[in-house]
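Thank you all for coming; I would like to walk through one model this morning, going from the whole chain down to a few single residues. Please have the sequence and the structure open while I speak.

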Amino acid sequence: MEPGEALMTQAIQPAHANARGELSAGQLLKWVDATACLAAEKHAGLSCVTASVDDIQFEETARVGQVITIRAKVTRAFKTSMEISIKVMVQDTLTGTEKLVSIAFSTFVAKPAGGEKIELKPVQLLTEQDRIEHDLASERRKVRLQHEDTYQRLMEESSPFADPLCNKEEGTVTSATAVQSIELVLPPHANHHGNTFGGQIMAWMETAATIAASRLCRGHPFLKSVDMFKFRGASTVGDRLVFRAIVNNTFQTCVEVGVRVEAFTCQEWAAGQGRHINSAFLIYNAVDDQEEPVTFPRVKPISKDDFRRYWGAMARKRIRLGRRYVISHRQEVPTSTPWDESQQASLIDDNVEALRQLAAKTGWEVTSALGKIKIYTLEEREFLSVWVEKRVRCPAHLAYCLLSDFTNRPLWDPHYTSCTSVDQVSEDDQIYHVTCCQVNGDKPKDFVVLVSRRRPAQERDTYLVAVKSVVLPAVPPSPGYTRSEVALAGFLIQPTDHSSCTVSYLNQMSAGVLPYFAGDLGGWSKSIEEAASSCIRFIENAADGAVC
């Protein structure tokens, strides 16, 4: 086993399971926290305590009779704190099949006996993967440190924007989901430092949150992800812990539940003066008795605190979307279709139809709305898509002409450095070579894309410009660029009257495109809004002289 690494293997027993025979999320959180702590102490050579656990993603469930393996490893040490990456696998003992259950990241701090601060030794980097994770740990830490500032800025923006749906009369009052519970901390709940075991606190929090979610969905909620467990203070044997959970907001098939924990000594309990020691935000999905996904009802905020929690959930959801790239940093897997002239009609039709299908999907959620620009996102199991909607003072047919000529793209899109036509397939279909700017210090990226444009039969209908990557032997990868892919993108241009239109840009994000959007989705960058504003100015300024 490598330095700074710990491995736990557990057979799932009925005592570890919930009423559905699945490993309870609370039990898994206890095992995860214990394994991560042991990895941290192996690296530090000192007692360590949990500072936070964030970005827990649950991909699969595990059942009684299966075997869980938890591997925790120190990825980077930051003077007095360190990041631990945790990977959980489940194995079916009958078939030998292994599946990924969860990936998580936690932060631990060393706790010397005397209380003085010590500087941790650097992590040994033995493999190329170690070096990659070491670099990514720094990026994840930056996101954690700027989380509060980003959250506050998004909250300031969200108050005037709010959510048009939350003002409707329909909706469940969130107070109906409120849960309060109490636990007395006993010796079996303490860790080897004498404090309440962090994993036990997380398990109790998850139980309260699950009850709150079940009161809203009338189904079987299951934990899908954890935004963050933040440990603000310690508690010890003899403390009374009070857990308060409540639904903050719903997003189609998921719900966010907030949990607050206060600790009381015997004297504090009598005086009613507790200590706020923990907070967490947990995201649930749910299924009904037929195992079909449940759509959660909208919630209706009433009080000032309801609105704070409602908007806060929207801000956190946006930050999570942006964090997804920084956390996973998925490697690009080539999926582009080779350009085959004998099959070009089919490839072009697929390009156009794919954009129409993406636009027709349900479940798009408003992420931000400022001025003439709205941003929507759509989360699916394997994909994250973005929809940027702009109101433009220009006839639709002129906007279509300007946007469908991709050689114009570098004139308004700051991400594009060049765009050259390399193959005129037909009057309405061309293949372009695009180069883009650097992001995060990586090599600049380039793309080879098929652009298919379609005018509607009626002028009042929607104009379409579909984009996807293709493999063209005439444009091989260049050593100066990272060849990347556009999985599915394009413009929809809808006339609103004779002199204006709505321009929508859609993109189903690939690993190559996501770095350009991550900061915007997370709320710590405005490049999407800036590019959209630049596009509006370009169209409106060029419209007077445009000839189509």
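**From the whole chain to single residues**

Let me begin with burial: of the 548 residues of the protein chain, 53% count as buried, where buried means under 20% relative accessible area, exposed means over 50%, and partly exposed lies in between, with a 1.4 Å probe and protein chains only. I should say at once that this is a predicted model, in which local features need pLDDT of at least 70 and side-chain atom pairs count only at pLDDT 80 or more, while totals for chains, interfaces and linings use all residues. Residues are numbered from 1 along each chain as its sequence is written, and side-chain values use heavy atoms, with hydrogens and water left out.

The protein chain holds 10 helices and 23 strands, these being DSSP runs numbered from the N terminus, with helices as H or I of at least four residues and strands as E of at least two. What radius of gyration does the protein chain have? It is 26 Å, which agrees with the value near 24 Å for a compact globule of 548 residues; the radius is taken over C-alpha atoms, and the globule rule is 2.2 Å times the number of residues to the power 0.38. Along the principal axes, the C-alpha atoms fill a box of roughly 80 × 60 × 50 Å.

As for contacts in the protein chain with a separation of 6 or more, 69% of them come from residues 24 or more positions apart, contact meaning heavy atoms within 4.5 Å. The protein chain exposes about 25,100 Å², of which carbon and sulfur atoms supply 52%, the areas coming from the Shrake-Rupley method with a 1.4 Å probe and, for residues, only the protein chains shown counting as cover.

Turning to helix α2, residues 128–145, its 18 residues should span 26 Å at 1.5 Å a residue, and its end C-alpha atoms are indeed 26 Å apart; the expected span is 1.5 Å times one less than the number of residues. Buried residues in α2 include Asp130, His134, Leu136 and Arg140. Asp130 has a relative accessible area of 9%, and, not counting residues up to four places away in sequence, Asp130 touches Glu2, Lys73, Gln124 and Leu125.

Where along the chain is Ile493 found? Ile493 is in strand β22, residues 488–497, and is buried, with a relative accessible area of 0%. Its C-alpha atom is separated by 4.9 Å from that of Tyr463, although the two are 30 residues apart along the chain. Leaving aside neighbours within four places in sequence, Ile493 has contacts that include Ala396, Leu403, Tyr463, Cys501 and Val503.

By way of contrast, Gln10, in strand β1, residues 5–11, counts as partly exposed at 25% relative accessibility. Beyond four places in sequence, Gln10 is in contact with Trp31, Gln66, Val67 and Ile68, and from C-alpha to C-alpha Gln10 and Ile70 are 8.5 Å apart, with their positions 60 residues apart in sequence.

I will finish with two loop residues. Gln252, between β9 (240–251) and β10 (254–264), has phi near 55 degrees, a positive value in a residue other than glycine, and is partly exposed at 37% relative accessible area. Glu291, in the loop between β11 (275–287) and β12 (299–300), has a positive phi near 65 degrees and is partly exposed, with a relative accessible area of 47%.
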